[in-house]
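User: Please take a close look at a single part of this model and describe its surroundings. I should then like to see how the rest of the model relates to that picture, including how far the prediction can be read.

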Amino acid sequence: MIVSQPALGALRQVGWWALGRRRRFRVVGPSMEPTLHHGEFVLVDPAWPPVPGELALAQHPTDPDLLVVKRVAAITPERGWVLTSDNPEAGTDSRQWGPLAPGAVVGRVALILDRPGARLDQPSPPSGGQGTGPGRHRWPPLPALARWLRR
Amino acid sequence: MAIRARLLACLDHVFPAPAAFAHCDGPCGVYDPASARIAAEAVLSMTRKLLDLDASVADAHNTFARYVSIKEQQAEIVKHELSVLWGDYFKPEHLETYPELHTIFWKALKAASAAKQQLSVEAATELLEQIHAIHDIFWATKKRDVEWMLANP
């Protein structure tokens, strides 16, 4: 049986979830449309931070108990995470908050459980980021195997 | 697809997932009874202007229609702003400290409806008074001393 690449990736994420390595969250609100719909469930990888272009789960700057899901536009070493909304009219993000502190991001959105085949990266690359090539800012550098495992 | 959605819903029923917010209303936390107050002041002002309107002037019909239209719109805005404050900002723990909260909001919304339907200075004034009470409770929950100010005293 031939299993497609996205299906394998989804199975891998569900496997990690079964092992307790992913956390499930429910999306509330429309600010990440069309990537995430209100009410959908996502799996979040708390171990690896997202790179620019990926989706981040982060603590709200004024209320750390609130977790928000946003897209990483850029990571600047001196200022922190620049987060944006895919649907800017329906959300608040770094446009209002400014960049978030380095410790504010708690994980990377790894899978939409409702639509496991859906792409999480943006159709058009985010602009304004400094050095937005994937993996550019990741530390420590990932060996190919680890990269494959979490795809 | 339907089966997956149902399974996920069942799972969430047993083990509810925490929320990841993707909207403004909750996380931005910007609430202020001032927006209700400004609209309520407009309702009161339009009510007074309507009562003072001189019907013998040539464009009285036009002015009358404009005033009524603004009063209707602003009363709708008051009702919306109050509903957002009541439903989204205030939490059950606030009610423990301020048990009169529900009654105040209910009276305010009733007064907003009355001020919209009728040409009543009493209803519009009552609306502003209830919003004043909401203002006091709101800023007390924020532990801030914010003065009640009217644009049109």
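Analyst: A residue is called buried at under 20% relative accessible area, exposed at over 50%, and partly exposed in between (1.4 Å probe, protein chains only). Helices (H or I, at least four residues) and strands (E, at least two) are DSSP runs numbered from the N terminus. The model is predicted, and local features need pLDDT of at least 70, side-chain atom pairs count only at pLDDT 80 or more, and totals for chains, interfaces and linings use all residues. Residues are numbered from 1 along each chain as its sequence is written, chains are lettered from A and ligands numbered from 1 in the order in which they are written, and side-chain values use heavy atoms, with hydrogens and water left out.

The part chosen is strand β2 (residues 41–45) of chain A. Five of its five residues are buried, so β2(A) is largely enclosed by the rest of the structure. The burial extends to both faces: Phe41(A), Leu43(A) and Asp45(A) lie on one side, with Val42(A) and Val44(A) on the other.

Two neighbouring strands pair with β2(A), where pairing requires at least two DSSP bridges. Strand β1 (residues 23–28) of chain A runs antiparallel to β2(A) over four bridges, and Arg26(A) is the residue opposite Phe41(A). Strand β6 (residues 105–112) of chain A is likewise antiparallel to β2(A), again through four bridges; there, Asp45(A) has Arg108(A) as its bridge partner.

Confidence can be set beside this picture. With pLDDT taken as the predictor's confidence in each residue, from 0 to 100, β2(A) has the highest mean among the elements of chain A (93), whereas helix α3 (residues 144–149) of chain A has the lowest (56). Residues 124–142 of chain A fall below 50, and beyond near neighbours in sequence this stretch has 24 contacts in the model, a contact being heavy atoms within 4.5 Å. Where pLDDT is low, the predicted coordinates should not be read in detail. Over the whole of chain A the mean is 79, with 78% of residues at 70 or more. Chain B has a mean of 90, and 95% of its residues reach 70 or more. The model as a whole scores ipTM 0.70 and pTM 0.52.

Arg26(A), met above opposite Phe41(A), also leads to the interface. Chain A contributes 25 residues to the contact and chain B 18. About 1,800 Å² is buried between the two chains, 63% of it on carbon and sulfur atoms; buried area is the accessible area (1.4 Å probe) lost by two parts on being put together, summed over both. On the side of chain A, Arg24(A), Arg26(A) and Val28(A) lose the most area to chain B, together accounting for 30% of what that side buries.

Elsewhere in chain A, Gln5(A) belongs to helix α1 (residues 5–18) of chain A. Gln5(A) has a relative accessible area of 47%, so it counts as partly exposed. Its C-alpha atom is 9.3 Å from that of Gly117(A), although the two residues are 112 apart along the chain.

The partner, chain B, consists of six helices and one strand, in the order α-β-α-α-α-α-α along the sequence. Of its 153 residues, 38% are buried.

An aromatic cluster in chain B comprises Tyr31(B), Trp86(B), Tyr89(B), Phe90(B), Phe105(B), Phe138(B) and Trp139(B). Rings of Phe, Tyr and Trp (its six-membered ring) pair if their centres lie within 6.5 Å, and are stacked with planes under 30 degrees apart, edge-to-face over 60 and tilted otherwise. Seven such pairs are counted over all chains. The pair of Tyr89(B) and Phe90(B) is edge-to-face because the planes stand at 80 degrees, with the ring centres 4.9 Å apart. Tyr89(B) also pairs with Phe138(B) in a tilted arrangement, at 4.6 Å between centres and 50 degrees between planes. This pair links distant parts of the chain, since Tyr89(B) lies in helix α3 (residues 60–89) of chain B and Phe138(B) in helix α6 (residues 121–141) of chain B, 49 residues apart. Phe138(B) is buried because its relative accessibility is 0%; Tyr89(B), at 10%, is buried as well, and so is Phe90(B), at 8%.
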